[in-house]
Amino acid sequence: MSSSLILRTEALDKSYPGVHALDHVDFDLYEGEVHVLLGENGAGKSTFMKIISGSLPKDSGRIFLRGQEVDIVSPQHARELGIGMVYQELSVIPGLSVGENIFLGRLPKRKPFGTVDWSEARSQAKRLLDDLGVDIDPGERVGNLGIGEQQLTEIAKTLSMKARVVLLDEPSSALSDEERERLFTIMRGLQEKGVAIIYVSHRLVEIPQVAQRVTVLRDGVKIGTLLVDEADEATLIRMMVGRELGEQYPKERIERGRELLRVQGLTVKGVLNGLNLSLHEGEILGIFGVLGAGRTDFARALFGVDPIDSGEVFLDGRKVEISSPSEAIDLGLGYVTEDRKDGLVPRLAIPANITLASLKKMTRLGFLKHDEERASAEKYVEELDIHTPRLSQMVEFLSGGNQQKVALAKWLCSQAKILILDEPTRGIDVGAKVEVFRLMNDLAKQGVGIIMISSELPEVLAMADRILVMADGSFVAEYEGGQASGEDLMRDAVAG
Ligand SMILES: Nc1ncnc2c1ncn2[C@@H]1O[C@H](COP(=O)(O)OP(=O)(O)OP(=O)(O)O)[C@@H](O)[C@H]1O
Ligand SMILES: [Mg+2]
């Protein structure tokens, strides 16, 4: 590599109680390079990035910036050194506008009185968003945006700081294919200006598209750094999980039982246009669509989160009204939301979170059956390979992906007859994905009907028995599993 070294770590080390999160990690980064940081959930990626961005102190080791040793003491200090970070957990403030979020603490001032120049702020924000190629109004409240748009706002905010080293912690997991392409274009633009990027993603397919080098971490240890040309998927997976993985989509054909759910003419004005669907025992129904197609709106309406304007829902042939999530749960529905934090209580331990939606099963005469709670939690921690130093760990202290596994476990444990999974594998590492698919198979075998909302073509194609394509609030096409190609689904999804 001819360009010059911008960042280097030497034996960077960090422990949390019971976890050696980073074990003497040596790492280097060149100007104009995109360097992917890869590893299973809990491998130490976010910890590494947080230390470099000044939001977490290291225990020991050294950090060099352009050859000079630096002691990065705060995010503010990191920014002054030209290091900017987009966090895995969004740090945008929902109550503020997009523009305010982007320029938080640095709003342009009007001379001579130093008052905030709002029109300048708006137009600067507009320009940044235009550069990102996204159609978001800078005046919009961030809380009104979808999760992908919030992520783009966060990215715009970091880019506005004109950093020379940009750290992106799973920025693409919440983005649609189209938005992701834009992000890659922006990354290439930054690269051309010599900006160096560390990029965390669980999407192995992205790597040759965006990066020059890959470093793999496993349990806090650096396994190795490869040029992308040497980094085929099988090699990377082996380095990440320390073994061969086998089948990535372990689909099992399961006999379809009686009809569990029928939806007729479900309508939310301006959002969902008269949706019809049925779901059977043992069936995995995929709903594919691009961001904004209305898939999450559908899930929310069905689960009683948002009110519907018209339409009918039948469970086991019986007409029901679902006007709140608690009614939905009582009727045997479960919903793993797209934003995993929705469903978790961070300050509670893993077992309490896993059994949150199963309290009826877990209590007797009003007393919690601690043994059963513990046993259920143990089972899911094991099956989903949730990395934690102990079962009683507070969920707050788990890595992002492991928190997602807990959210998923909560609903797998709930004994729901109908499960809605919104992007069930987002942010989950390759090994755990396989376990999630296996659990879906097991549930289907027990007669559970699963609605799998996903933007990941390969997983919908492989795992769904039937696929509905959604666009602009309507179901625009339906396929039997195995009858559709990726091109078919994409074409329907964007044509709608
Ligand atoms: N604040 C904390 N307190 C205790 N343990 C923590 C804390 N933050 C992280 N850990 C632990 O440190 C390890 C590394 O976590 P980290 O967040 O760096 O993983 P990651 O590679 O980013 O994973 P993911 O892909 O799930 O985001 C994990 O075992 C995690 O449980
Ligand atoms: Mg992380």
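## Helices, strands and a ligand site in a predicted model

Helix H1 covers residues 45-52, and 7 of its 8 residues are buried, so the rest of the structure largely encloses this helix. The model described here is a predicted one. The buried residues of H1 are Lys45, Ser46, Thr47, Phe48, Met49, Ile51 and Ile52. Just after H1 comes Gly54, with a positive phi of about 80°.

### Ligand 1

Two of the buried residues of H1, Lys45 and Thr47, also appear at the ligand. There are 21 residues around ligand 1, and those that come nearest are Gly42, Lys45, Thr47, Ser399 and Gly401. The table gives three contacts between polar atoms of the protein and atoms of the ligand.

| Residue | Atom in the residue | Atom in ligand 1 | Distance |
|---|---|---|---|
| Tyr16 | polar side-chain atom | nitrogen | 3.4 Å |
| Lys45 | side-chain N or O atom | oxygen | 2.8 Å |
| Gly401 | backbone N or O atom | oxygen | 2.6 Å |

Lys45 thus has two roles in this description: Lys45 is a buried residue of H1, and its side chain has an N or O atom 2.8 Å from an oxygen atom of ligand 1. For Gly401, the atom concerned belongs to the backbone.

### Strand E3 and its partners

Strand E3 is made up of residues 34-38, and 5 of its 5 residues are buried. In a regular strand, side chains alternate between the two faces of the sheet. In E3, Val34, Val36 and Leu38 point one way, while His35 and Leu37 point the other way; all are buried.

E3 pairs with two strands. With strand E10 (residues 196-200) the pairing is parallel and has 4 bridges; here Val36 has Tyr199 as its bridge partner. Strand E11 (residues 213-218) also runs parallel to E3 and is joined to it by 4 bridges. In that pairing, Leu37 is opposite Thr215.

### Helix H4

Helix H4 has 15 residues, 118-132. At 1.5 Å a residue, H4 should span 21 Å, and the distance between its end C-alpha atoms is 21 Å, which agrees. Its buried residues are Ala121, Ala125, Leu128, Leu129 and Leu132. Viewed down the axis of H4, these buried residues fall within an arc of 95°, so they line one face of the helix. An α-helix has 3.6 residues a turn, so residues three or four places apart point the same way. Ser119 and Asp131, on the other side of H4, are exposed.

Which helices help to cover the buried residues of H4? The cover includes helix H3 (98-102), helix H5 (147-159) and helix H6 (177-192). After H4 comes Gly133, which has a positive phi, near 75°.

### Strand E12 and a hairpin

Ile223 is a residue of strand E12 (residues 221-227). Its relative accessibility is 34%, so Ile223 counts as partly exposed. Apart from neighbours within four places in sequence, Ile223 is in contact with Val216, Leu217, Arg218 and Met239. Leu204 is 19 residues from Ile223 in sequence, and their C-alpha atoms are 17 Å apart.

Further along the chain, strand E23 (residues 466-471) and strand E24 (residues 474-480) pair in the antiparallel sense over 6 bridges. Met470 is opposite Phe475 in E24. The two strands E23 and E24 form a hairpin with 2 residues between them, and Asp472 in the turn has a positive phi of about 45°.

Conventions: Residues are numbered from 1 along each chain as its sequence is written. Chains are lettered from A and ligands numbered from 1 in the order in which they are written. This is a predicted model: local features need pLDDT of at least 70, side-chain atom pairs count only at pLDDT 80 or more; totals for chains, interfaces and linings use all residues. Side-chain values use heavy atoms; hydrogens and water are left out. The expected span of a helix is 1.5 Å times one less than its number of residues. Buried means under 20% relative accessible area, exposed over 50%, partly exposed in between (1.4 Å probe, protein chains only). The arc is that of the directions from the helix axis to the C-beta atoms. Contact means heavy atoms within 4.5 Å. Two strands pair if DSSP finds at least two bridges between them. A residue is near a molecule or strand if one of its heavy atoms lies within 4 Å of it. A polar contact is a pair of N or O atoms within 3.5 Å; within protein, one must be able to donate a hydrogen and the other to accept it, and residues adjacent in sequence count only if both atoms are side-chain atoms.
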